[in-house]
Amino acid sequence: MGRADEAAVLDLYRTLPAQRRREIAAASTPELRARLLRIERELAMDRSPGAMAAVLTDGREMQAPHLGLIDAAFEQVAAGKPTRLLLTMPPRHGKSRRAARWAPLWYLRRRPEHRVMIASYSSDLADDHGRWIRDAILNYQSQLGISLRPGSSAANRFDLTGTEGGAVMAGVGGGLTGKGAHLAVVDDPIKDAAEASSPTMRKRLWEWWQAVLLTRIEPGGSVILIQTRWDEDDLAGRVLADEGDRWTVIDLPAIALSADDALQRPTGAPLWPERYDADALAEIRRSVGERVWWSLYMQQPRPQAGGVWQWSWITNNRISAAQFRGIDLTRIVVAVDPAGGESAVGDETGIVAAARDRDGHLYVLDDRSANRGADAWGREACLLAIELRADAIVVESNFGGDMSSQILHQAWQELAREERTENMLMPAVLSVTAKSGKRLRAEPIAQLYEQGRVHHVGEWPTLEQQMVTWVAGMDSPDRMDAAVHGLTQLADPVHAGGAATAYHDQRGRRRR
């Protein structure tokens, strides 16, 4: 076989499925098998940043499913698909090493004609990333197939041989005049809590993002922002508020919070159990405190408390689903606060389920609040009532009159036609006409929290954040209003703001 024929066969080999390649390698001579092994290494290096790192380090580089999500973002960019990715994840989980070092190195191998920009909270940190990538090119250039242009090897900027491609590094706030990029990676743009809590620093960072970073992106270029959350108004928060619909958002809390987890983890599962298992994360939580835990580790930043509720009233009385199973309940209600009323916060419909036991303790069972139209929220409230066997649906009617009640009855009738009501009688619909101010309604419930008589079954981060940050005079969020309506009905139905109708059909008789 001539050299040309042999080269053609090897090129064909690269296109074959993995199983077929293994069969060919098994039947090959030792000499050919060695050549095929080199091709396999090249194919692996092309596949993803993590695979390339495994090849170059002989398997020593850290690998994990969440790092694979970083790989996937860079693979998409390398394939020519413009990307705006926001990825939030906790500290010490390998994000900077993968996103600001291995992945840009892999990208330059795949697209050596492109320019990469890496920015971090300080020029020193950005230069550290650049120095690492530069040294990796020098050490592995024969395997990578790229090399540095002579005389262009500074830590903060270098160019590749034979092409216009290369990389530039900068600290957040630094100038980038005249420097463009096909891919910008912004990793850890915030240095610490003091910087995150400073309105001046947050404003300065946002101005740099808009006026400097984004203006340097080439047509069809991509931006990947990876950070831990520090504050509601940090860079990630502003991106979400300003143009969140244009971004792909991958949120990776240290412990999975919901069924739609980006890694499809079950609720409560750690992000990297091989490195930080549940016990290790529990110890971290005790050490850093609730605010830091929820911000940096859970990606749910919570402002300093200062409102009607205090964090300790919630966290000290929280119970698990397992603890809740043995409690004998007397009532369960679903409370609804439709969007479009007094509140201008989020324009959500609050849907919160709550219960009362024989000793008068109250329990927050679920939070299904969301931005929903009338048909959708009516259906969701009824489905939750069916799921929990609620005896009443409490709905604020200040701004909808009888319409809210009609929405619920229509939703129930529709579910009955679909045979989804499980032969339940429709729960009583109790319309709340809130005559008192928000604070007067909230304070008695907050006092029950302070007395340890209200327990959250599990964690409801958005609802809890709204509670502890709300102060009189602010528009009150719909989640919080729904919770107050439901808990008020259970605590004192006579003064709940609506008719506390006696049930003659025994719908409230059964409880566990």
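In this predicted model, a cation and an aromatic ring meet at arginine 275, whose charged end sits over the ring of tryptophan 272, 5.4 Å from the ring centre.

Rings also meet one another, and the structure holds five aromatic pairs. A pair of this kind is described by the distance of the centres and the angle of the planes. For tryptophan 209 and tryptophan 247, the ring centres are 5.9 Å apart and the planes stand at 35°; this angle falls between the limits of 30 degrees for stacked and 60 for edge-to-face, so the pair is tilted. Tryptophan 209 belongs to helix 9 (residues 199–213), while tryptophan 247 is found in the loop between helix 10 (235–243) and strand 8 (248–251), so the pair ties together parts that are 38 residues apart in sequence. Both of these tryptophans, 209 and 247, are buried.

A second pair, tryptophan 309 with tyrosine 449, is edge-to-face, with 5.9 Å from centre to centre and 85° between the planes. Here tryptophan 309 comes from the loop between helix 12 (290–297) and helix 13 (311–315), and tyrosine 449 from helix 17 (residues 438–450), so the contact ties together parts that are 140 residues apart in sequence. Tryptophan 309 has a relative accessible area of 0% and is buried. Tyrosine 449 is buried too, with a relative accessible area of 0%.

Turning to the nonpolar interior, it helps to recall that in soluble globular proteins nonpolar side chains tend to be buried together. In this model the largest nonpolar core has 46 residues, and Leu105 and Ile137 are those with the most contacts inside it. Helix 6 (residues 95–110) supplies the largest share of this core, eight residues. Leaving aside residues up to four places away in sequence, leucine 105 touches Met52, Trp132, Ile133, Ala136, Ile137 and Leu144. Apart from this core lies another, of 34 residues, which includes Ala181, Leu205, Trp230 and Trp247. Trp247 thus appears both in this second core and in the tilted pair described above.

Strand 2 (residues 115–120) offers a neat case of a covered strand, as six of its six residues are buried. The burial extends to both faces: Arg115, Met117 and Ala119 are buried on one side, and Val116, Ile118 and Ser120 on the other. Strand 2 is joined by six bridges to strand 5 (residues 166–171), and the two run parallel. Within this pairing, serine 120 has glycine 171 of strand 5 as its bridge partner. Strand 2 also pairs with strand 6 (residues 181–187), again in the parallel sense, over four bridges. There, valine 116 stands opposite leucine 183 of strand 6.

Elsewhere, six strands form an open sheet with mixed pairing, in the order 13-12-9-10-11-14. Strand 13 and strand 14 (454–456) are the edge strands, each pairing on one side only. From one strand to the next, the twist averages 25°. At the strand 13 edge, five bridges join this strand to strand 12 (residues 392–396), and the two run parallel. Alanine 392 stands opposite alanine 428 of strand 13. The C-alpha atoms of alanine 428 and isoleucine 393 are 6.2 Å apart, although 35 residues separate the two in sequence. Alanine 428 has a relative accessibility of 12%; the limit for burial is 20%, so this alanine counts as buried.

The segment leading into strand 13 has some backbone features worth a look. Glutamate 419 lies in the loop between helix 16 and strand 13 (428–432), and glutamate 422 is placed in that loop as well. Glutamate 419 has a positive phi of about 60° although it is not a glycine, and glutamate 422 likewise has a positive phi, of about 55°, without being a glycine. Glutamate 419 is exposed, at 72% relative accessibility, whereas glutamate 422 is partly exposed, with a relative accessible area of 47%. On the helix side of this loop, glutamine 406 lies in helix 16 (residues 403–417) and is partly exposed at a relative accessible area of 46%. Glutamine 406 and valine 429 are 9.7 Å apart in space, C-alpha to C-alpha, and 23 residues apart in sequence.

Notes: Residues are numbered from 1 along each chain as its sequence is written. This is a predicted model: local features need pLDDT of at least 70, side-chain atom pairs count only at pLDDT 80 or more; totals for chains, interfaces and linings use all residues. Side-chain values use heavy atoms; hydrogens and water are left out. Buried means under 20% relative accessible area, exposed over 50%, partly exposed in between (1.4 Å probe, protein chains only). A nonpolar core is a set of buried Ala, Val, Leu, Ile, Met, Phe, Trp, Tyr and Cys residues joined through side-chain atoms within 4.5 Å. Contact means heavy atoms within 4.5 Å. Rings of Phe, Tyr and Trp (its six-membered ring) pair if their centres lie within 6.5 Å; planes under 30 degrees apart count as stacked, over 60 as edge-to-face and the rest as tilted. A charge sits over a ring if NZ of Lys or CZ of Arg is within 6 Å of the ring centre and within 35 degrees of the ring normal. Two strands pair if DSSP finds at least two bridges between them. Axes are lines fitted to C-alpha atoms, for helices over the stretch in contact, and angles run from 0 to 180 degrees between N-to-C directions.
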